[in-house]
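Trainee: I have a structure open and would like to talk it through with you. Could we go step by step?

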Amino acid sequence: MALLKEEDRQYLENLFRENLKDKLKIILFSDKAAGSKLVVPGRVECPYCQQTREILEELVSLSDKLELEIHDFLTDEILAKKYNLDKIPAILFEKNNNVLGVRYFGIPSGYEFSSLIEDIIDISRGETQLSPNTKAFLATVDKPVHIQVFVTPTCPYCPRAVRLAHQFAMENPLITADMIEAIEFPHLAEKYDVTGVPKTIINEKVEIEGAVPENVFLEYFKSALKA
């Protein structure tokens, strides 16, 4: 059954037709038994894996520039470890045989669906909307940086934080930016004391409460590099 309304499908088809430039592979790590009534010993529980898969399958059907590759988190354990994945559903992006540091952990629904669409367009076009000043600084980053942005589907301010973090990752392969759906991963929300969203953690040291402008986010980012 289609998840998108017909008018939404047409809108996205036109949006992709006008904006997608290069081919893009979306990689999903999930539980292939999700949605099944079978009980598989040792199987990872993933209540949102099936819905995430359906969302992505519908999206890639809207453009020949998009491809979906699905891996089982358990049977493809070696590949999951290669990408440093420890939870599902996990969404990654591959372009020109390179896997980017733009990642989603949790279903990209609600307000985060817009983040997914905008990320797809930016990655395909190979450009972000960041300022020249921010891009220039990010080009100088020479050591790994890990950004985690905690969100919920009903948070209207979360996409701004996710998009900033993801665009930072698009500018430099040493930067990894994760969207983490706080409700799906309560153990992480508790670990990082997430009492409100969006909440961003950079390199386990610097915390940002709420959605902040690009220039402010950059200063927090610089502080994390110095910490």
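Trainee: How many residues does helix 2 have, and what does it reach from its first C-alpha to its last?

Mentor: Keep in mind that this is a predicted model. Helix 2 covers residues 49-60. At 1.5 Å a residue, 16 Å is expected, and the helix comes close to that. It has 12 residues and reaches 17 Å.

Trainee: Which elements cover the buried residues of helix 2?

Mentor: Start with the residues themselves: Cys49, Thr52, Ile55, Leu56, Glu58, Leu59 and Val60 are the buried ones. Their cover includes helix 1 (6-19), strand 1 (24-30), strand 2 (66-72), strand 3 (90-95) and helix 4 (112-125).

Trainee: Nice. Which helix gives the most to the largest nonpolar core?

Mentor: That core has 50 residues, and Phe16, Phe93, Ile120, Ile147, Phe168 and Phe221 have the most contacts inside it. The element giving the most supplies 8 residues, and it is helix 6 (residues 158-171).

Trainee: From which domains does this core draw at least three residues each?

Mentor: The core takes at least three residues from each of two domains. They are domain 1 (1-34 + 44-127) and domain 2 (128-226).

Trainee: Now strand 7: which residue in it is the bridge partner of Ile147?

Mentor: Strand 7 (residues 175-181) has 6 of its 7 residues buried. It pairs in the parallel sense with strand 6 (residues 145-151) over 7 bridges. These two strands and helix 6 form a right-handed β-α-β unit. In strand 7, Ile147 has as its bridge partner Ala177.

Trainee: And what stands opposite Arg103 in strand 7?

Mentor: Strand 5 (residues 102-105) runs parallel to strand 7, joined to it by 4 bridges. Opposite Arg103 in strand 7 stands Asp178.

Methods. Residues numbered from 1 in each chain as written. Predicted model: local features only at pLDDT ≥ 70, side-chain atom pairs only at ≥ 80, totals over all residues. Heavy atoms only, no water. Expected span 1.5 Å × (residues − 1). Buried < 20%, exposed > 50% of the residue type's maximum accessible area, 1.4 Å probe, protein only. Contact = heavy atoms within 4.5 Å. Core = buried A, V, L, I, M, F, W, Y, C linked by side-chain atoms within 4.5 Å. Domains from an automatic or database assignment. Pairing = 2+ DSSP bridges. Right-handed = clockwise from strand over helix to strand, strands pointing away.
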